[in-house]
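Thank you for making time for this. I would like to take you through one model this morning, going from the overall layout to a few individual residues and then to the pocket.

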Amino acid sequence: MADAETWHLPDETTQTQQTTRKGRLLNITILAWHQMLMRGTKEQKMYRHPFTLIRVHVTDNTGNSVWKPMWLIVIGNQRQQISATVAYQSFRQRFDIEHMFRFCKQHLLMTEFQTPDVKHEENWIRLVMLAYAQLWASKDLATHLPRPWERYLKPESDTIMTPSAVQRDFQRIISEIGTPARSPKTRGNSIGRVQGQAQTQRTKHPIVKKQSKPTPDKQKAA
């Protein structure tokens, strides 16, 4: 795609600044073109789906590009309600969401609960999200405890706390805060099923198998 300024003037131009965690000042220029169309096919009538095209260019104080310009598309019936700045900031949150899913799978057992009931699986996902939210809410109470092999990290109070670091110190946090829940009580033995009680059989679904790709004749063994 050619440079934006050479083929069409933007409908909207926004300039803002951002300071990184290391104190580096970045200049962000956001250009937006509204009611854009792309080439479609007989099956996909793209003229029915206009969109907003956004170009994000980040430079430093000297005017040099920090990264290559990034192109985004905002499509949908409510695209006019989303500004170019909000679209850019929302896209940047995508990386935080991906890190969140990775952490939940590795440390909060998101994918370890196996159940054929979709409702139970949705409840489990909610519990995992609540656990992650608790780690975020406790980040200011956690103490940075580097591992023995992490000698390059210092246990300073102003260190940015990651979810893993908060989880490492979460046992101390909940022991100091306490809980409003009542203490658990020992229950009796369950009477089990009543004699003659019939259980509803689970609906059997067909097994979905992944189809193998056809092997060309020249790759088949003789």
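**Strands, helices and a pocket**

Let me begin with a single residue, Gln35, which lies in strand β2. Please bear in mind throughout that what you see is a predicted model. The phi of Gln35 is near 55 degrees, which is a positive value in a residue other than glycine. Is Gln35 buried, exposed or partly exposed? Its relative accessibility is 47%, and therefore Gln35 counts as partly exposed. I will come back to positive phi values in two other places, but the strand in which Gln35 sits needs its surroundings described beforehand.

On the overall layout, then, the protein contains five helices and four strands, and if you read along the sequence, the pattern that emerges is α-β-β-β-β-α-α-α-α. Of its 222 residues, 20% count as buried. As for contacts between residues at least 6 apart in sequence, 44% of them join residues that are at least 24 apart.

Now to the sheet. How are the four strands ordered? They form an open sheet in the order β1-β2-β3-β4, and the pairing is antiparallel. The edges are taken by β1, residues 12-19, and by β4, residues 70-75, each of which pairs on one side only. From one strand to the next, the twist averages 25 degrees. As a general reminder, the strands of a sheet pair through backbone hydrogen bonds, and they may do so in a parallel or an antiparallel way.

Taking the pairs one at a time, β1 is joined to β2, which spans residues 25-36, by eight bridges, and the two strands run antiparallel. Two positions help to fix the register on the screen: Glu12 stands opposite Ala32 in β2, and Thr19 stands opposite Leu25 in β2. The hairpin made by β1 and β2 has five residues between the strands, and in this hairpin Gly23 takes a positive phi near 85 degrees.

Moving across the sheet, β2 is joined to β3 by eight bridges, again with the strands running antiparallel, and here the bridge partner of Ile30 is Val56 in β3. The pairing of β3 with β4 is in the antiparallel sense over six bridges, with Ile73 in β4 as the bridge partner of Leu53.

I would like to stay with β3 for a moment. How many of its nine residues are buried? The count is nine of nine, so that the strand is mostly covered, given that buried means under 20% relative accessible area. Both faces are covered, with Phe51, Leu53, Arg55, His57 and Thr59 buried on one side, and Thr52, Ile54, Val56 and Val58 buried on the other. Thr59, whose place is in β3, has a relative accessible area of 12%, and it is therefore buried. If we leave aside its neighbours within four places in sequence, Thr59 is in contact with Leu26, Asn27, Asn64, Ser65 and Val66.

Next, the helix that meets this sheet. Helix α2, residues 84-107, lies across β1, β2, β3 and β4, and runs at about 110 degrees to β4. In the loop between α2 and α3, the latter being residues 118-137, we find Leu109, which has a positive phi of about 60 degrees although it is not a glycine. Leu109 counts as partly exposed because its relative accessibility is 47%.

That brings me to the pocket. In general, rolling a probe the size of a water molecule over the atoms shows where empty space is left. The largest pocket here has a volume of about 1,300 Å³. It is lined by 41 residues, of which Arg21, Phe95, Asp96, His99 and Ile160 are the closest to its centre. Which element gives the largest share of the lining? That is α2, with 12 residues, while β3, α2, α3 and α4, residues 163-168, each supply at least two residues. By type, the lining divides into 19 nonpolar, 13 polar and nine charged residues.

To close, two elements are worth keeping in view as you turn the model: β3, with nine of its nine residues buried, and α2, which lies across the four strands named earlier and supplies the largest share of the lining of the largest pocket.

How values were computed: Residues are numbered from 1 along each chain as its sequence is written. This is a predicted model: local features need pLDDT of at least 70, side-chain atom pairs count only at pLDDT 80 or more; totals for chains, interfaces and linings use all residues. Side-chain values use heavy atoms; hydrogens and water are left out. Two strands pair if DSSP finds at least two bridges between them. Axes are lines fitted to C-alpha atoms, for helices over the stretch in contact, and angles run from 0 to 180 degrees between N-to-C directions. Contact means heavy atoms within 4.5 Å. Buried means under 20% relative accessible area, exposed over 50%, partly exposed in between (1.4 Å probe, protein chains only). On a 1 Å grid over the protein atoms alone, a cavity is a set of points where a 1.4 Å probe fits but cannot get out, and a pocket is an open set with protein on both sides within 12 Å along at least five of seven lines; lining residues have an atom within 4 Å of a point. Grid points are joined across faces, edges and corners, and a volume is the space filled by probe spheres set on the points. Ala, Val, Leu, Ile, Met, Phe, Trp, Tyr, Cys and Pro count as nonpolar, Asp, Glu, Lys and Arg as charged, and the others, Gly among them, as polar.
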